[in-house]
Amino acid sequence: MTAKNPDVATTKDADAIYYKDATDLAALIRTKQLSSREVVQAHLDRVAAVNPKVNAIVTLLADEALKGADAADKAVKDGAELGPLHGVPFTIKDAIDTAGVLTQRGSRIFAGNIPSKDATVVTRFKAAGAIPLAKTNLPEFSAWQETDNVLTGLTRNPWNLDRTPGGSSGGESAAIAAGISPIGIGSDVAISVRGPAALTGIVGLKATHGRIPYTGHWPEVLNRYRHIGPMARSIRDIATAFSIMQGADGIDGLVVNAKNAAAAIEPVAGKPIRVGWLVEPGLGPVDREVASAVASAADLLKSFGCAVEAVRIPSFEHNNYFDTALVLYGAELGRYIPPFVGDRLADLHFIGKIYATLPPPPIADYLAAERQVDDLKSAFATYFQQYDVLLLPVIPFTAPPPGLEEYIVNGEKVPSTHMMRATVPFNLTGLPGLSVPFSFSSEGLPINVQLVSRWFDEATILRLGQLIESATDAHKRHPIL
């Protein structure tokens, strides 16, 4: 496979229907400047043109989407009440249930699986007027940082076809970055919305745990740490999607707060937002260009009037929280997955085999990991007494080639799991995190920054994300395919 050098998309491509964000498309449909059928067809044409190169789409709903578009256009003509995403196509990670539509979870074990009900988040997108376009690729069981499996294959990064778009929502991130989809639904247990967003230069939100129902996602375990979240190319699309997705559904017992639940302590009106920023020490080696981007983002937020200073978080310096997560996640997945696999171990991808054969950790190790999570939550409760936001990398480097067991970062050899060093702590604590496009590396690969706020204060990081977006042009660039 020959890698493509990324560049700014041509004016024609930049103005194309398939590179408009969902908010813009909804407005154009509502005002009859575009029909929903035109919008859906433009994305179907884009699928045909670029999906053979990136392999982001695993199930295409072409006929159903066109029928949905015609119904949407009729509703506009009839003057019906329209939802915020009326007539706009969206894509869905293939771990999330879709009624009557293949949901194969990246595994031969679930080949041909067709759910009878939509996941709650899919139901809510449809109620907002959005039209399902396709299901997107993922690693087996949503359990890895890259997107590859033995059923639907390897997904490639549209910015460089020799690099990974990340995982586990890598099919979703690649589809959105490549103009296949304007907006979509992913999920995140360690990195899986924010990381793929960073590797492909789009926006991803992992909201506070308990904001968005997990109902209809597989695997059903790890729901204490897993988050379903929106992915798109603009902050305003993410804000719209978040407003649609959040709120109790009466099924997920971990989503019990009111839809408008606010942080216990919020930024003080009229006073600068207090931002602490962190690169090293505490996250292990970080690529110099990524570190520079975070420092530049800190300067940018300072120029907008934020009170910004470098911080150190001792808990990060003393612990690699991926190790903590592996004990907890492995204990649950290692007991949950084998009954589904039975005697079909040979049908699994290597990551599926790992979790299907993982021995249970000693109870002392499990309890110690639980204690580490409690201590980390306490550390952040203290941090957010002094600061409103933490700014840090999403991933310590830009998109690597797939399949590597280790990377070299600033001359230091690190395991591939180092990719999750700066993301997994916020799954363990349930804190909200936003992955925001900021710049590009010397290789032309996207660099995002991560904004984290206190529990139930997504409004603040969305606000700062919007400021970053308004002052940079990273979100305006698109890969040429």
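**Exercise 1. Identify the residues through which helices α8 and α16 meet, and characterise the geometry of their packing.**

Step 1. In this predicted model, the residues that α8 brings to the contact are Ile235, Arg236, Ile238, Ala239 and Phe242, and they meet Glu458, Leu462, Gly465, Gln466 and Glu469 of α16.

Step 2. Sorted by class, the contact of α8 with α16 comprises five nonpolar, two polar and three charged residues.

Step 3. For the geometry, take the axes of α8 (residues 235–245) and α16 (residues 458–471), which come within 9 Å and cross at roughly 160°. Because angles over 145 degrees count as roughly antiparallel, α8 is roughly antiparallel to α16.

Step 4. The handedness completes the description, since α8 passes α16 in a left-handed crossing.

**Exercise 2. Describe how helix α2 packs with α8, giving the angle, the axis separation and the residues that meet.**

Step 1. Helix α2 (residues 22–30) packs with α8 at an angle of about 75°, and their axes are 8 Å apart. An angle from 65 to 115 degrees counts as roughly perpendicular, and α2 is therefore roughly perpendicular to α8.

Step 2. On the α2 side the contact is made by Ala22, Thr23 and Asp24, which meet Arg236, Asp237 and Thr240 in α8.

Step 3. Divided by class, the residues of the contact of α2 with α8 are one nonpolar, two polar and three charged.

**Exercise 3. Lay out the open sheet strand by strand, and state which strands stand at its edges.**

Step 1. Eleven strands make up the open sheet, in the order β1-β3-β2-β4-β6-β5-β12-β13-β9-β7-β8, and their pairing is mixed.

Step 2. The edges are taken by β1 and β8 (307–310), each of which has a single partner strand, so that one side of each is left without a neighbour in the sheet. From one strand to the next the twist averages 25°.

Step 3. At the β1 end, strand β1 (residues 57–60) pairs with β3 in the antiparallel sense over three bridges, and Ile57 stands opposite Thr136 in β3.

Step 4. Strand β2 (residues 89–93), by contrast, runs parallel to β3 and is joined to it by five bridges, with Pro132 of β3 as the bridge partner of Phe90. Strand β3 (residues 131–136) is itself mostly covered, six of its six residues being buried.

Step 5. Further along the sheet, six bridges join β4 (residues 183–188) to β6 (residues 227–232), two strands that run antiparallel; the bridge partner of Ser187 is Ile228 in β6.

**Exercise 4. Place helices α3, α8, α5 and α6 relative to the strands that they touch.**

Step 1. Helix α3 (residues 36–54) packs on the sheet and touches β1, β2 and β3, its direction making about 15° with that of β3.

Step 2. Helix α8 lies across β4, β5 (203–206), β6 and β12 (433–440), and runs at about 145° to β6.

Step 3. In helix α5 (residues 120–127) the buried residues are Thr120, Val121, Val122, Arg124 and Phe125, and the buried residues of α5 pack against β2, β4, β6 and α8. Just after α5, Gly129 takes a positive phi of about 95°.

Step 4. For helix α6 (residues 170–177), eight of the eight residues are buried, so α6 is largely enclosed by the rest of the structure. The buried residues of α6 pack against β1, β2, β3, β4, α7 (194–200) and β6, and Gly179, just after α6, takes a positive phi of about 85°.

**Exercise 5. Locate the cis peptide bonds at Gly167 and Glu280, and the positive phi values at Asn55 and Arg105.**

Step 1. Gly167 and Ser168 are joined by a cis peptide bond with omega of about 5°, and Ser168 lies in the loop between β3 and α6.

Step 2. From Glu280 to Pro281 the peptide bond is also cis, with omega near -5°; Pro281 belongs to the loop between β7 (274–277) and α9 (288–303).

Step 3. Asn55, although not a glycine, has a positive phi of about 55°, and its place is the loop between α3 and β1.

Step 4. Arg105, again a residue other than glycine, has a phi near 60° and lies in the loop between β2 and α5. Its relative accessibility is 10%, and because buried means under 20%, Arg105 counts as buried.

Key:
Residues are numbered from 1 along each chain as its sequence is written. This is a predicted model: local features need pLDDT of at least 70, side-chain atom pairs count only at pLDDT 80 or more; totals for chains, interfaces and linings use all residues. Side-chain values use heavy atoms; hydrogens and water are left out. Axes are lines fitted to C-alpha atoms, for helices over the stretch in contact, and angles run from 0 to 180 degrees between N-to-C directions. Helices (H or I, at least four residues) and strands (E, at least two) are DSSP runs, numbered from the N terminus. Angles under 35 degrees count as roughly parallel, over 145 as roughly antiparallel, 65 to 115 as roughly perpendicular and the rest as oblique. A crossing is left-handed if the near helix is turned anticlockwise from the far one by less than a right angle, and right-handed if clockwise. Contact means heavy atoms within 4.5 Å. Ala, Val, Leu, Ile, Met, Phe, Trp, Tyr, Cys and Pro count as nonpolar, Asp, Glu, Lys and Arg as charged, and the others, Gly among them, as polar. Buried means under 20% relative accessible area, exposed over 50%, partly exposed in between (1.4 Å probe, protein chains only). Two strands pair if DSSP finds at least two bridges between them.
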